[in-house]
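Here is a short report on cavities, pockets, domains and one sheet. Look at the sequence and the structure, then read on.

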Amino acid sequence: MARAWVFGDDLDTDQMVPGRYAPFMVGQDKFHTYAFCDARPEFAKTVRPGDLLVGGENFGCGSSREYAPAALKKLGVGGIVAKSFARIFFRNCVNLGIPVLEAADAVSLVRDGDDLTLDIAAGVLRTPRGDARLRPLAPFAQEILAAGGVVAYLREHGDFPAVR
Amino acid sequence: MAGPTLAELILSRVSGREVRAGDLVIAPLSRVMVHDSVIDAVMAGMKELGREKVWDASRVCVFVDHAAPAPTPVVADSHRVLREWVRGQGIATFYDAGEGVCHQIMVEEGYCEPGTVIVGSDSHSNSYGAAGAFGAGMGATDIAVALALGRTWLRVPESIKVTFRGTPRRGVTMKDAIMRVVREIGTDGARYACVEFHGAGDLPQGDRITLAGMTTEMGAKAGIVVGTPEAPDRLRPAPDAVYMREVTVDLNTLEPQIAIPPRVDQVSDVSQAIGIPVDIVFLGSCTNGRVADMRQAAELLRGRRIDPRVRLEVVPSSRRQFEDAMADGTLGKLSAAGAVVGTSGCGPCLGRTGGVLAGEEVCFSTANRNYMGRMGSPKASIYLGSPYVAAVVALTGVVDDPRPYLEASDAEFDALVAKRRAERDDRGAASARSGDRSRELLATLPLRSAPWITGMEQED
């Protein structure tokens, strides 16, 4: 079971970690403690490993800063389910090995604080109000996520997954 | 099969096979751009990969611009690490603090070869489309992989065709034009897509950077200007290319635009936002910090002092722009008007250095983002627009349409300024009234106002 943290549309990476709390402003050991510090000040203190973020459209838009998803990974976030993702954020999550999955109805089924189960193999997010169907990931992204991220994948295979 | 869009053409060319939107490609890169605030993560990524040497030092461009000169010892230390890394890698294309914003230099110094793919560690790397290159922003791990392999993976994007017709009237700029496009397409309307600009190839390079860079604010993977002087003739989309959407902007009738906080796509005509009081004006960034932008501001100010209740911060986007603005007297005029001139670079655009916002201050900025907390205090508000509007705001203390000022006689000009200054209500902070005005505007205009974060308390 994982707790749901629900966000709306167009959540930008400045909200995840403001630029003034970049690792190179506050140090590698501290930046994650500022995750959502303005928007949801309780988040970094109370999020538990495995918790899931649920969002609307264009999740993670804005700056390319990888320390935004890196902060979520450091806090143990188990995955993100949204209607859609901003492109750089999506790539960053795949590269870091954070499951990012699109589901059209997740945000309408889930309330903040719900207990959820993310069943990627079955392709569903189980919620107290029923299952949200996950859009299957491209095999390319699946392979990278399965390896735990792009660095792990490249170390193992020496090159990107095949594109055809 | 229909002919290729510009994105399909470029990605087919570099990957060596005919590809269309939706295909995945492994693209060889002509350049990789790295900037100061990600170097630690990039180095860590390369180390983890076991590939600590860049694939080709002559194709790597490195910049110290995001927090420059260093505002704190921690940042200074990171810059020192970056300089050592650059030396150790044998990278010659290195621009240290004060040289300017990475994107401005990438385009103006000719590092963006048309028809090639360039990735950068900053989201506004779309700017390279100003010269006809496919530029995409990526995160630190992607950049580490790109530096190690000289290649990246891309899904070939669908394209949106944006066509400009006509010529903007005096006081209206291509910043207004691209804000009109963002108003149409929205912050996610070009997600994963490439925005291709038609009817913009003959514009000055600076205007093309404004256009290409702002495609990031629509979620685009790349934004490319068709028919730039840098690009060979054959680098054009096919006449029968298939676009996911087409948008046409009539420049002849375009009005000055303003983006209302905290969304880049909450855009209205400036005429509907007249009178909003402002505390600080930022004229700078890769979007609008060039000599042409500074000249527009100086032209509007006509040698008058700015309103004493407003601060005006001018940050040239590169040393070349700074020197040009010095040479022709523009910086002297802005300084005499009361402007503070900062070090060429990103300046306060991302809230790290050089004049960040306090409390509930209200800023008018010529940059590209107005998110909550972007320029400092999370309670501050940021309006976006052109250098002309920025100059009017600095002069009068309130948002106004710049066109009457440009057309007025000297006497009419001073009367206009006096009227607006007197109208500004100074009971309490500027922000108190500005906030009311934004809410009024948002209520009356058909703007997107989706709550950002559900359950979040609205600040009153």
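The notes below cover model confidence, domains, cavities, a pocket and a sheet.

**Confidence.** This is a predicted model. Chain B has an average pLDDT of 93, and 94% of the residues score at least 70. One stretch falls out of line: residues 449-460 of chain B stay under 50 in pLDDT. The model has 28 contacts beyond four places in sequence for that stretch. Where pLDDT is low, the predicted coordinates should not be read in detail.

**Domains of chain B.** Chain B is assigned domain 1 (6-252) and domain 2 (258-444). Their C-alpha centres are 27 Å apart. Domain 1 of chain B puts 36 residues into the contact, and domain 2 of chain B puts in 40 residues.

**Cavities.** Four cavities reach 30 Å³ or more. The largest cavity holds about 230 Å³ of space. Its lining has 23 residues, with B:H66, B:D122, B:H124, B:L350 and B:R374 the closest to the centre. Where does the largest cavity lie with respect to domain 1 (6-252) and domain 2 (258-444) of chain B? Both domains give residues to the lining, so the largest cavity lies between them.

**Second largest pocket.** This pocket has a volume of about 650 Å³. It is lined by 23 residues; nearest its centre are A:F90, A:E102, A:R135, B:R155 and B:Y192. Elements of chain A that give two or more residues to the lining are α5 (87-96), β4 (100-102) and α7 (139-147). From chain B, β7 (151-155) does so too.

The table sets out the two linings by class.

| Site | Volume | Nonpolar residues | Polar residues | Charged residues |
|---|---|---|---|---|
| Largest cavity | about 230 Å³ | seven | eleven | five |
| Second largest pocket | about 650 Å³ | twelve | two | nine |

**A sheet in chain B.** Five strands of chain B form an open sheet in the order β4-β3-β2-β5-β6, with parallel pairing. Which strands stand at the edges? They are β4 (94-95) and β6 (134-137) of chain B. Each has a single partner strand, so one side of each is left without a neighbour in the sheet. Strand β3 (residues 60-63) of chain B is joined to β4(B) by two bridges, and the two strands run parallel. B:F63 has B:Y95 in β4(B) as its bridge partner.

How values were computed: Residues are numbered from 1 along each chain as its sequence is written. Chains are lettered from A and ligands numbered from 1 in the order in which they are written. This is a predicted model: local features need pLDDT of at least 70, side-chain atom pairs count only at pLDDT 80 or more; totals for chains, interfaces and linings use all residues. Side-chain values use heavy atoms; hydrogens and water are left out. On a 1 Å grid over the protein atoms alone, a cavity is a set of points where a 1.4 Å probe fits but cannot get out, and a pocket is an open set with protein on both sides within 12 Å along at least five of seven lines; lining residues have an atom within 4 Å of a point. Grid points are joined across faces, edges and corners, and a volume is the space filled by probe spheres set on the points. Ala, Val, Leu, Ile, Met, Phe, Trp, Tyr, Cys and Pro count as nonpolar, Asp, Glu, Lys and Arg as charged, and the others, Gly among them, as polar. Domain bounds come from an automatic or database domain assignment. pLDDT is the predictor's confidence in each residue, from 0 to 100. Contact means heavy atoms within 4.5 Å. Two strands pair if DSSP finds at least two bridges between them. Helices (H or I, at least four residues) and strands (E, at least two) are DSSP runs, numbered from the N terminus.
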